[in-house]
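Good morning, colleagues. I should like to take a few minutes to go through one structure, beginning with its sheet and ending with its aromatic side chains.

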Amino acid sequence: MYPDIIADENISASIINSLKKENFNVLSIRDEYRGIKDIEVIELAVKMNSLILTEDSDFGEWIFSHKEKSTGVIYLRYEYNQRDMITTALLSVLHKYSISLYQKFTVITPDKIRIRDI
């Protein structure tokens, strides 16, 4: 069983399409809720029991500093020319850890993965 994913506005269509090709259920904020605030993305993820996929480091602040309740965040850090590598790393992490990523803050770079309890 795979987690449901809410892709923040900054997640590229190519990453979203790669996830969908692998049968992940992905809701795109850009397509469905363009312009909502980060806190609203968090609230939507809690309501829908979905992980947040983002390139925005502010979600770490919301969760760790402001103590916002969250189901889990996957934060991607990469350069534009590393998009293929980050997509491969993301898919690998999702396949390997699956629903155990709930209640975690996961940081993925092309060559490193950190998973921290929320």
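I shall describe the strands, then the helices, then two individual residues, and finally the rings. Please keep in mind throughout that this is a predicted model.

Let us begin with the sheet. Six strands make up an open sheet, and their order across it is β2-β1-β3-β4-β5-β6, with mixed pairing. Which strands stand at the edges? They are β2 and β6, the latter spanning residues 112–117. Each of these has a single partner strand, so one side of β2 and one side of β6 have no neighbour in the sheet. From one strand to the next, the twist averages 20 degrees.

The pairing can be followed strand by strand. As a general reminder, strands of a sheet pair through backbone hydrogen bonds, in either a parallel or an antiparallel sense. Here, β1 and β2 run parallel and are joined by three bridges. Within that pairing, isoleucine 5 stands opposite valine 26 of β2. β1 also pairs with β3, again in the parallel sense, over four bridges. In this case isoleucine 6 has isoleucine 52 of β3 as its bridge partner. Turning to the other end of the sheet, β5 and β6 run antiparallel, with six bridges between them. Lysine 104 has its bridge partner in β6, namely aspartate 117.

I now come to the helices that lie on this sheet. Helix α3, residues 38–48, lies across β1, β2 and β3, and runs at about 150 degrees to β3. Helix α4, residues 58–65, packs on the sheet as well, where it touches β3, β4, β5 and β6. The direction of α4 makes about 155 degrees with that of β5.

Which residues of α4 are buried? They are Phe59, Gly60 and Ile63. Viewed down the axis of α4, these buried residues fall within an arc of 100 degrees, so they line one face of the helix. It is useful here to recall that an α-helix has 3.6 residues a turn, so residues three or four places apart point the same way. The cover over the buried residues of α4 includes α3, β3, β4 and β5. After α4 comes lysine 67, which has a positive phi, near 60 degrees.

Two individual residues deserve a word. Serine 70 is in the loop between α4 and β4. Is serine 70 buried or exposed? Its relative accessibility is 3%, and it therefore counts as buried, the limit for that class being under 20%. Beyond its neighbours within four places in sequence, serine 70 is in contact with Val46, Ile63, Gln103 and Ile118. Of these contacts, Ile63 has already been mentioned as one of the buried residues of α4. Glutamate 32, by contrast, belongs to helix α2, residues 29–32, and is exposed, with a relative accessible area of 52%. The C-alpha atom of glutamate 32 is separated by 9.7 Å from that of glutamate 9, which is 23 residues away along the chain.

Finally, the rings. How many aromatic pairs does the structure hold? There are three. One of them joins tyrosine 2 and phenylalanine 24, whose ring centres are 4.4 Å apart and whose planes meet at 40 degrees, so the pair is tilted. Tyrosine 2 lies in the segment before β1, and phenylalanine 24 in the loop between α1 and β2, so the pair ties together parts that are 22 residues apart in sequence. As to accessibility, tyrosine 2 is partly exposed at 35%, whereas phenylalanine 24 is buried at 4%.

Another pair consists of tyrosine 75 and phenylalanine 105, which is also tilted: the centres are 6.4 Å apart and there are 45 degrees between the planes. Tyrosine 75 is in strand β4 and phenylalanine 105 in strand β5, so this pair ties together parts that are 30 residues apart in sequence. Tyrosine 75 is buried, at 14% relative accessible area, and phenylalanine 105 is buried too, at 8%.

Phe64 joins this picture, forming one aromatic cluster with Tyr75 and Phe105. The face of phenylalanine 64 also has a charged neighbour: arginine 116 lies over it, at 3.9 Å from the ring centre.

That concludes the presentation. Thank you for your attention.

How values were computed: Residues numbered from 1 in each chain as written. Predicted model: local features only at pLDDT ≥ 70, side-chain atom pairs only at ≥ 80, totals over all residues. Heavy atoms only, no water. Phe/Tyr/Trp six-rings, centres within 6.5 Å; stacked < 30°, edge-to-face > 60°. Buried < 20%, exposed > 50% of the residue type's maximum accessible area, 1.4 Å probe, protein only. Lys NZ or Arg CZ within 6 Å of the ring centre and 35° of its normal. Pairing = 2+ DSSP bridges. Axes fitted to C-alpha atoms, helices over the stretch in contact; angles between N-to-C directions. Contact = heavy atoms within 4.5 Å. Arc of directions from axis to C-beta.
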